[in-house]
Amino acid sequence: MEEKIKEALEKIRPYLQRDGGDVEFVEYTEEKVVKVRLRGACAGCPGAQMTLKNGIERLLKEEYPEIAGVEGVAS
């Protein structure tokens with residue numbers, strides 16, 4: 001499952017990089033939560049939570065409905 005999540009994140013990465021940010025996969029928990037770390041401009045962006053929920057989480061859940069959610073972790 002981790003490889004599938006990483007592949008899906010690769011689809012999102014260009015959009016984040018266009019705005020000076022990036023996303024890094026951290027882990028997929030037993031609770032089916034994907035943990036990611038936002039990098040670059042995304043790390044301190046006031047819209048980071050919206051990016052996580054409305055962008056990254058939405059895309060991952062569309063592709064893999066078994067995912068319970070996405071959480072950001074600090075650097």
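**Exercise 1. At 17% relative accessibility, does R37 count as buried or exposed, and why?**

Solution. This is a predicted model, in which local features need pLDDT of at least 70, side-chain atom pairs count only at pLDDT 80 or more, and totals for chains, interfaces and linings use all residues. Residues are numbered from 1 along each chain as its sequence is written, and side-chain values use heavy atoms, with hydrogens and water left out.

- Step 1. Take the cut-offs: buried is under 20% relative accessible area, exposed is over 50%, and partly exposed is in between (1.4 Å probe, protein chains only).
- Step 2. R37 has 17% relative accessibility, so R37 counts as buried.
- Step 3. Place R37: this residue is in strand β2. Helices (H or I, at least four residues) and strands (E, at least two) are DSSP runs, numbered from the N terminus.
- Step 4. Look for a polar partner. A polar atom of the R37 side chain lies 3.3 Å from the backbone oxygen of A74. A polar contact is a pair of N or O atoms within 3.5 Å; within protein, one must be able to donate a hydrogen and the other to accept it, and residues adjacent in sequence count only if both atoms are side-chain atoms.
- Step 5. Check the backbone. R37 and V73 are 36 residues apart in sequence, yet 5.2 Å apart in space, C-alpha to C-alpha.

**Exercise 2. Describe the overall build of the chain.**

Solution.

- Step 1. Count the elements: 2 helices and 3 strands.
- Step 2. Read their order from the N terminus: α-β-β-α-β.
- Step 3. Test the size. A compact globule of 75 residues would have a radius of gyration near 11 Å, and the chain agrees because its value is 11 Å. The radius is taken over C-alpha atoms, and the globule rule is 2.2 Å times the number of residues to the power 0.38.
- Step 4. Add the dimensions: the C-alpha trace spans about 30 × 20 × 20 Å along its principal axes.
- Step 5. Add burial: 35% of the 75 residues count as buried.

**Exercise 3. Work out the surroundings of E57.**

Solution.

- Step 1. Locate E57: helix α2, residues 48-63.
- Step 2. Grade its burial. E57 counts as buried because its relative accessibility is 12%.
- Step 3. List its polar partners. The side chains of E57 and K53 share a polar contact of 3.1 Å. A polar atom of the E57 side chain also lies 2.8 Å from the backbone nitrogen of V70.
- Step 4. List its contacts (heavy atoms within 4.5 Å). Not counting residues up to four places away in sequence, E57 touches L52, G69 and V70.
- Step 5. Check the helix axis. A kink of about 35° in α2 is centred on E57. The bend at a residue is the angle between axes fitted to the seven residues ending there and the seven starting there.

**Exercise 4. Compare each helix with its expected span, and find what covers it.**

Solution.

- Step 1. Set the rule: the expected span is 1.5 Å times one less than the number of residues.
- Step 2. Apply it to α1. This helix has 17 residues and reaches 25 Å from its first C-alpha to its last, close to the expected 24 Å.
- Step 3. Apply it to α2. This helix has 16 residues and reaches 21 Å, close to the expected 22 Å.
- Step 4. Note the bend in α1: a kink of about 35° lies at I12, shortly before the proline P14.
- Step 5. Name the buried residues. In α1 they are I5, A8, L9, I12, R13 and L16. In α2, A48, L52, I56, E57 and L60 are buried.
- Step 6. Find the cover. The buried residues of α1 are covered by elements including β1, β2 and α2. Those of α2 pack against α1, β1, β2 and β3.

**Exercise 5. Identify the centre of the largest nonpolar core.**

Solution.

- Step 1. Define the core: buried Ala, Val, Leu, Ile, Met, Phe, Trp, Tyr and Cys residues joined through side-chain atoms within 4.5 Å.
- Step 2. Size it. The largest core has 19 residues, and I5, L9, V34, I56 and L60 have the most contacts inside it.
- Step 3. Assign the elements. α1, β1, β2 and α2 each give two or more residues to this core. α1 gives the most, with 5 residues.
- Step 4. Follow L9. Leaving aside neighbours within four places in sequence, L9 is in contact with V23, F25, V36, I56 and L60.
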